[in-house]
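Trainee: I'd like a close look at one part of this model, the place where two helices come together. Please walk me through it and what surrounds it.

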Amino acid sequence: MVRLGQHPAPRHTIAHISDTHFLDGARPLYGALSSETTLQRALDQLEGSGLDIEAIVFTGDLADLGESDAYQRLRSIVDPVAERLGAQIVWVMGNHDEREPFARHMLDAEPSTAPQDAVYDIGGLRIIALDSTVPGYHHGEISAEQLDWLRGVLAEPAPHGTLLALHHPPIPSPVELMAILELQDQPALAEVLRGTDVIGILGGHLHYSTHSTFAGIPVAVAAATCYTMDVLAPVGSLSGVDGGQSVHLTQVYDDRVVHSIVPIGSPPQVSGFGDRVLERLAALTPEERREAFSNKKSVWKLPPEN
């Protein structure tokens, strides 16, 4: 990949997807939405980008009701794409998921009611999937035993740092009703994370894209692929809408993590350049490149295509 600026290529590129909410038999969600259609569009966009995507992280609420068929249908769509990309899939539990079918169908493991925590090595980048769910409830909690386990994992730094992926993001929300369903006892998690090699936290649950920090660590929440939350709905209300679905592109550099929001869909293109422009500009010196692409009087005077 040609680099035209002062930053090197990212060490790792991760696709971050959340809240697919699949239903048994591909039933439409709330009788109105095709969860499968929007996810397939997102995967098509990721695959068509040509980016070297090393992992696809799903931060929970994979199935809306924890149904076995819903999990199987989700894997039937995602697995072939991940195989073609050569990407590791990281499945994370959400409050709509159920641990036993999740373990069986998503992790190919023995059914278990224990927290579904896991650690993945992506070429030196560690991704920790942390189960923040509470059986029978929609709010989030992390048990003392899980925190001890997490502390032990983080005791040894990973070569390229660690991304923590969990469903309930440890941040406030402008949608006040979501506070009832937030992650409980957040200071206890912060105490475990401070001073470790965790360079980013990936979350879901909120059904809209947002960013914050927690214990000094950047937090990126990916919007749902099924439906999103209207953050500007009247105060005190909760309004899920069919619009604004997106996924995140998470790129890890030596000194930072960059999260880019990728809207799902194919809106009409109104401006731009073809894919040959990059190589044409790469053939120029930095000074020529700046004159061709930055100078307001000559921005259109690019080298002719062969």
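Trainee: Which residues in α4 meet which residues in α5?

Mentor: Happy to. This is a predicted model, where local features need pLDDT of at least 70, side-chain atom pairs count only at pLDDT 80 or more, and totals for chains, interfaces and linings use all residues. Residues are numbered from 1 along each chain as its sequence is written, and side-chain values use heavy atoms, leaving out hydrogens and water.

From α4, Leu147, Leu150, Arg151 and Leu154 meet Ala188, Leu189, Glu191, Val192 and Leu193 of α5; contact here means heavy atoms within 4.5 Å. Helices (H or I, at least four residues) and strands (E, at least two) are DSSP runs, numbered from the N terminus. The axes of α4 (residues 144-154) and α5 come within 9 Å, crossing at roughly 20°. Axes are lines fitted to C-alpha atoms, for helices over the stretch in contact, with angles from 0 to 180 degrees between N-to-C directions. The two helices are therefore roughly parallel, a label for angles under 35 degrees (over 145 is roughly antiparallel, 65 to 115 roughly perpendicular, the rest oblique). Their crossing is right-handed: the near helix is turned clockwise from the far one by less than a right angle, while anticlockwise would be left-handed.

Now step back along the chain from α5. The loop between β6 (162-166) and α5 (186-193) holds His167. His167 counts as buried because its relative accessibility is 0%; buried means under 20% relative accessible area, exposed over 50%, partly exposed in between (1.4 Å probe, protein chains only). Its side chain makes polar contacts with the side chains of Asp61, at 3.3 Å, and His205, at 3.2 Å. Such a contact is a pair of N or O atoms within 3.5 Å; within protein, one must be able to donate a hydrogen and the other to accept it, and residues adjacent in sequence count only if both atoms are side-chain atoms.

For a buried strand, turn to β12 (residues 246-252): seven of its seven residues are buried, so the rest of the structure largely encloses it. β12 belongs to an open, mixed sheet of five strands in the order β3-β2-β1-β12-β13, where strands pair if DSSP finds at least two bridges between them. Within it, β12 is antiparallel to β1 (residues 12-17) over five bridges, and also antiparallel to β13 (residues 257-263), over seven bridges. Thr250 partners Ile14 on the β1 side and His259 in β13.
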